[in-house]
Amino acid sequence: MNVQQILVILAPVFFVIFLGYMAGRFKKISVENAKGLTTFVTKFALPAFLFVGIMSTSRSKVIENMPFFLTIVSGLLGFYIVVMLVSKFVFKTPLTRASIYGLNSTQPSFAFVGIPVLGGIFGTDAATIPIAITGVVVNAMLIPLASIFATIGQNQDKDKSLVKVFFSSLLKGLSSPLAWVPLLALILTMLNSPTYPLFHKMLEMVGETTSGVALFAIGATVGIRKINLSCKAIGLAGLKMIALPLFAFFVTQLFNLSSDDIVKAVLIVCFPCSSVAAMVASEFKELESETSSAFVLSTISSLITVPIIISLLM
């Protein structure tokens with residue numbers, strides 16, 4: 001893919017992010033407004049988009065994506081575990097902080113950037129299943145796992161057993177619409193459940209707003225937040241934008257993915273740090289400034305890294 005083709009795909013994406021940034025930078029949109037946009041995307045628009053897209057996919061196509069699912073599981077969970085263990089045992093970081101560091105260097109902003117970028121390259125329909133798979137893995141597996149280790153590290157409730165911590169974290173992860181909605185759609189698809197065109201049309205009305213609102217929300221959040229150029233913030237951004245894509249590419253070779261699926265898998269993980277992961281850091285009161293700054297730094301650096309990765313893989 002030449003430079004002009006990459007520019008045609010990414011220019012609209014970064015333009016909408018820039019509009020959001022200007023709105024946030026010049027206080028045309030407040031912190032509460034930005035959070036509201038994020039909530040709309042993660043709890044309503046994107047889940048609706050994914051539900052319709054998955055239900056419009058054949059069962060055989062879903063089964064064909066099993067190697068992709070295993071790649072995303074291995075790539076995200078594997079990298080999280082590596083970062084957490086290195087932080088814990090090499091740098092002697094407390095377990096809670098190590099877990100938060102691992103989560104924020106791993107979780108991508110797939111919910112915000114995935115649809116416009118992957119859709120621009122492969123078409124919207126082809127982007128649905130990879131985004132849905134990532135949503136299930138992140139919300140039903142990665143975040144619960146990170147929360148479990150963070151809770152154990154804090155030892156907030158000494159009477160609470162590991163089993164209770166596990167199930168409470170898992171239920172919290174599954175309660176996210178980005179986990180249970182695509183999971184429900186995948187189950188219905190595997191059961192050959194009938195589709196209802198009118199119902200899908202209603203969901204499409206909401207789902208079609210995903211790309212623009214999501215990108216604007218990212219830009220606004222970046223414009224509002226202040227950057228703390230600490231070593232930890234830069235390290236988080238570097239792990240997320242450079243080390244994770246390299247790790248993911250290595251994993252794709254193990255599962256012998258097609259060339260298109262390799263591009264999808266690597267691109268999904270090379271998107272900026274997730275604002276949701278930064279919110280988890282705030283819940284545990286660990287690395288709050290660093291994770292917020294890493295989100296901003298990784299979003300800005302994606303202007304360079306995403307085009308480079310596309311040009312190298314395609």
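Guide: A charge sits over a ring if NZ of Lys or CZ of Arg is within 6 Å of the ring centre and within 35 degrees of the ring normal. Keep that in mind as we walk through this predicted model.

Visitor: What makes lysine 264 a residue that lies over the face of phenylalanine 122?

Guide: The distance from lysine 264 to the ring centre of phenylalanine 122 is 5.0 Å. The cut-off is within 6 Å, so lysine 264 counts as lying over that ring. Phenylalanine 122 also belongs to helix 6, where it is one of the buried residues.

Visitor: How do you know that helix 6 is mostly covered?

Guide: Buried means under 20% relative accessible area, and twelve of the 13 residues in helix 6 are buried. Among them are Phe110, Val113, Val117 and Ile121.

Visitor: Why is the span of helix 6 called short?

Guide: Helix 6 covers residues 110–122, and a straight helix with its 13 residues would reach 18 Å at 1.5 Å a residue. The end C-alpha atoms are only 15 Å apart, so helix 6 falls short of that span. Just after helix 6 comes glycine 123, with a positive phi near 100°.

Visitor: What makes phenylalanine 51 and phenylalanine 199 an aromatic pair, and why is the pair called edge-to-face?

Guide: Rings pair if their centres lie within 6.5 Å, and planes over 60 degrees apart count as edge-to-face. Here the centres are 6.1 Å apart with 85° between the planes, so the rings pair and the pair is edge-to-face. The two residues are 148 residues apart in the chain, with phenylalanine 51 in helix 2 and phenylalanine 199 in helix 10.

Visitor: Why is phenylalanine 51 called buried, and why is phenylalanine 199 called partly exposed?

Guide: Phenylalanine 51 has a relative accessible area of 11%. The limit for buried is under 20%, so phenylalanine 51 is buried. Phenylalanine 199 has 40% relative accessibility. Partly exposed runs between under 20% and over 50%, so phenylalanine 199 is partly exposed.

Visitor: What makes up the lining of the largest cavity, by class?

Guide: That lining has nine nonpolar, two polar and no charged residues. Val and Phe count as nonpolar, and the lining includes Val13, Phe14 and Phe271. Thr299 and Ser302 also line this cavity, and they count as polar because Thr and Ser are not on the nonpolar or charged lists. The cavity holds about 60 Å³ of space, and helix 1 gives the most to its lining, with four residues.

Methods. Residues are numbered from 1 along each chain as its sequence is written. This is a predicted model: local features need pLDDT of at least 70, side-chain atom pairs count only at pLDDT 80 or more; totals for chains, interfaces and linings use all residues. Side-chain values use heavy atoms; hydrogens and water are left out. Buried means under 20% relative accessible area, exposed over 50%, partly exposed in between (1.4 Å probe, protein chains only). On a 1 Å grid over the protein atoms alone, a cavity is a set of points where a 1.4 Å probe fits but cannot get out, and a pocket is an open set with protein on both sides within 12 Å along at least five of seven lines; lining residues have an atom within 4 Å of a point. Grid points are joined across faces, edges and corners, and a volume is the space filled by probe spheres set on the points. Rings of Phe, Tyr and Trp (its six-membered ring) pair if their centres lie within 6.5 Å; planes under 30 degrees apart count as stacked, over 60 as edge-to-face and the rest as tilted.
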